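Biologist: Could you take me through the charged side chains in this one, and slowly please? I'd like a close look at how they pair up, with enough background to picture the chains they sit on.

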Amino acid sequence: MLYRQRTLDLPHGDVETPILLPVRNVGKRSSDNTPEYVGTIPDLPTAMINARSIYQRAPMWERLQEGVTLREEMEVPEDTIVFADSGGLDFDPTGPDITPAEMLSIQRHLDADIYGTIDIPLSRENWVEENHRRVRQNIEYAIQTSEKHREDDASLLFASVHGYDPETVRNNIQHLEQRGDFDGYALGSLSLIRTDYKKTTRLILAARRATDKHLHVYGLGGITYLPLLLYLGVDSFDSSAFIRNAGNRNYLLPGFGGKELHNIDHLDYLPCPCPVCGTRTLDEIRVDRNLLVRHNLWSMVTELRRFRYIAASDKDVEAYLDLRFQDNEVTQRAYRAAKQQVRRLV
Amino acid sequence: MTQHGFTISDQKRDYSRFGLEENPFPYSPVPDDEPDIYCGQEHVTEAVSDTVSTVLSTGKSKHLVVTGKYGNGKSHTLKYTRSLLRDREDVVVGYVAQPGTGFLDIYHEFMADLGFDYVQQVAYELLADVARNETEYNPIGSAAIKSLIDEGEILLSELVPPAIKRLSETAKFADFARAVVHLVYEDTNLYAWQWLTAEGIRYEQRKELEIHSALDDDTMAVRAFTSMKNLLIELGYDAVFVFIDEFESIARLSTKDEQTTLNSLRHLMDQNNSGLCLLFGCAPEVWQDVMSEYHAFSERIGREVALQPLTAEQVYELVEQYLNPVRNSGKQGIAPFTKETLEFVLQQSQGNIRQVLAICSRILDAALRQEQKTIGVAVAEDVIESV
């Protein structure tokens, strides 16, 4: 097992890893309608934001220029830990509309604790030409960002790395180790291949074995993947699964994944003791999307807490995961494949 | 261990009474993969040497058929020549034990004989070549480029697209180019290898490699072989040698399949007028038929050379060559055999090398059991009578 615990020393405080960074949609069309969770979920003082969206939302950006802080804008405490990624998924695939230096300047202005370098995610097609071009481009952006990242900037810089094969991931990280100065690496483009568990775990393992530095995985922290990521030694991950699932009226529960609420007839008491469900009825949750979002986030945190408990109490993590995945054939296969890979059997 | 008349023992036999460390003759004379001994017939060694040397010195393709009855040394000749060429770093040699049911099988056997590791090494050599052109680095060989990639000095993404483009231009076969380059990726290299060896892969696997065609008929196999040869020549190898043994087995094919196989080989020769040497081992009667019925193919083979039954002198030489490496007495020549004994062996074997070796092997053991010091004709006669 590659699970590990570390402490990240960041400008806005220390954070114990592994850690989930809930994706906030601040700056997006609906601005930030993520329900309040910082402060209410004590082990989640974290947020993942899209720096480009905020920069492009003129009124918000103007307020930030005039002295309003990002955390005020998000209505979270000033000690909230913020990871600002470049918003790569929104870029035109031919190239971003912003330079690495500009992006760094925006991230710095947002007072983010962690900066992710500009990246263009890979497509599932065009393996040879286009994806290799994007891989090279992302490396170039990362190196340019590293050159601009001042030594007196206490925020961490994570290089965004993309690749659909272990060699490319390893090769990219080794290349960046030689040519840049990064505090960690953030592995991207996995959400497009998330259903290919075997490939995804191989890529994460390739990254994990290529560096001992912090490893973040972009956009892959759903309730099913979460234990796998921890098992594979991922230090942090971001996810919007709690929002997306709530949008589909999916009620997340550790060990059971998601269940659409319209498939549940009636329950006097919900199966989850979280602060959202503990005092409410199923019908109350059913009609309030915000409640469902918050519950879903609690579910993900519960999953994370359970894993930490297993590891801290010196229990057999693999036995726990065997149990965890036993009811779902797909994830069970994925975990078995991951276990073999971790043990270098394949 | 003795039981019901059987006596089974692993006790080592002591051949020191003959001044030998062991019985050097094979009990079942099949050619070694890497033969040390070649007791050749001068006209055969000359013909093989001439063919191989011409290809190496001129770069032009040249082909040869070695004919001879079963047991006269065709396989041994091909394998011995292969072992000589394998020591050279500037050529590539593939051995095809028999032609199977068509050129697709020949191609499959050729690639399988080269082996995954070797062809993967060729893929890295291609990347090294590209790296020399596209980057400031000057990697020579597969280990150097692999190390540069592993250490992150060179980006794989800088090399792969130009490598595929260049190989596609050289090979005129984009799918082949993609398969070769995929050999460096651990996730896909087995699929790529399966495609390259014409073992067949599923559509989804092909899609993952971005390969559009199936390599499943003679025409595609000729194309893939030519691509492989062109790649090797481009990488600086002087020639590709293909040794096709037991060519007579094409006579067992249907007329149509036989014609198709020979046509494919003809196309292969036509498409590769440089850098290719095909060496066939074939029974003479089948070769006669091919000569008379398939002119288009046989005319493209430059020469035929026939292995003849051994003469007495050649038998002496053969036996001496087998005995010398295991002698511990400093003796030379054919001892403990006598000339008379070997002449008897020659007569019994009718000059067939396989027979000569098998009989010598049995005679030596019989003489040991009879506690002889020299092996006279009487021992040989006993052995022949007992068979």
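Modeller: Sure, let's start with where the charges sit. In chain A, there are 42 positive and 51 negative charges, and their mean positions are 6 Å apart. In chain B, the counts are 34 positive and 60 negative side chains, with the centres of the two sets 2 Å apart. Keep in mind that this is a predicted model.

Now for the pairs. Over all chains, the count of salt bridges comes to 40. Let's pick a few of them apart.

Take A:Arg202 to begin with. Its partner is B:Asp187, and the closest N and O atoms of this salt bridge are 2.5 Å apart. A:Arg202 belongs to helix H7 of chain A, residues 197-210, while B:Asp187 sits in the loop of chain B between helix H7 (174-182) and helix H8 (189-196), so this pair joins two chains. Are these two partners buried or exposed? A:Arg202 has 16% relative accessibility, so it counts as buried, because the cut-off for that is under 20%. B:Asp187, with a relative accessible area of 17%, is buried as well.

Next, look at residue number 202 in the other chain. B:Arg202 forms a salt bridge with B:Glu204, and here the closest N and O atoms are 3.1 Å apart. B:Arg202 is exposed, with a relative accessible area of 52%. B:Glu204 comes out at 48% relative accessibility, so it counts as partly exposed, since exposed means over 50%.

Here's another pair from chain B: B:Arg266 and B:Asp270. Their closest N and O atoms are 3.8 Å apart, and that still counts as a salt bridge because the cut-off is within 4 Å. Where do they sit? Both are in helix H11 of chain B, residues 255-271, and because they are four residues apart there, about one helical turn separates them. B:Asp270 is partly exposed, at a relative accessible area of 38%. Some salt bridges also share partners: A:Arg170, A:Lys199, A:Arg202, B:Glu186, B:Asp187 and B:Glu208 are joined into one network that way. You've met two of its members already, A:Arg202 and B:Asp187.

Now step back to the chains themselves. Chain A has 13 helices and twelve strands, and its C-alpha trace spans about 60 × 55 × 40 Å along the principal axes. Why call chain A compact? For 346 residues, a compact globule would have a radius of gyration near 20 Å, and chain A has 20 Å, so the two agree. Of those 346 residues, 59% are buried. Take the contacts in chain A between residues at least 6 apart in sequence: 68% of them join residues at least 24 apart. As for the outside, chain A has an accessible surface of about 14,600 Å², and 46% of that belongs to carbon and sulfur atoms.

Chain B is built from 17 helices and seven strands. Its C-alpha atoms fill a box of roughly 75 × 55 × 50 Å along the principal axes. Buried residues make up 56% of its 387 residues. Among contacts in chain B between residues at least 6 apart in sequence, 70% join residues at least 24 apart. Chain B exposes about 17,600 Å², with 46% of it supplied by carbon and sulfur atoms.

Technical notes: Residues are numbered from 1 along each chain as its sequence is written. Chains are lettered from A and ligands numbered from 1 in the order in which they are written. This is a predicted model: local features need pLDDT of at least 70, side-chain atom pairs count only at pLDDT 80 or more; totals for chains, interfaces and linings use all residues. Side-chain values use heavy atoms; hydrogens and water are left out. The radius of gyration is taken over C-alpha atoms; the globule rule is 2.2 Å times the number of residues to the power 0.38. Buried means under 20% relative accessible area, exposed over 50%, partly exposed in between (1.4 Å probe, protein chains only). Contact means heavy atoms within 4.5 Å. Accessible areas come from the Shrake-Rupley method with a 1.4 Å probe; for residues, only the protein chains shown count as cover. Lys and Arg count as positive and Asp and Glu as negative; His and the chain ends are not counted. The place of a charge is taken as NZ of Lys, CZ of Arg, CG of Asp or CD of Glu. A salt bridge is a side-chain nitrogen of Lys or Arg within 4 Å of a carboxyl oxygen of Asp or Glu.
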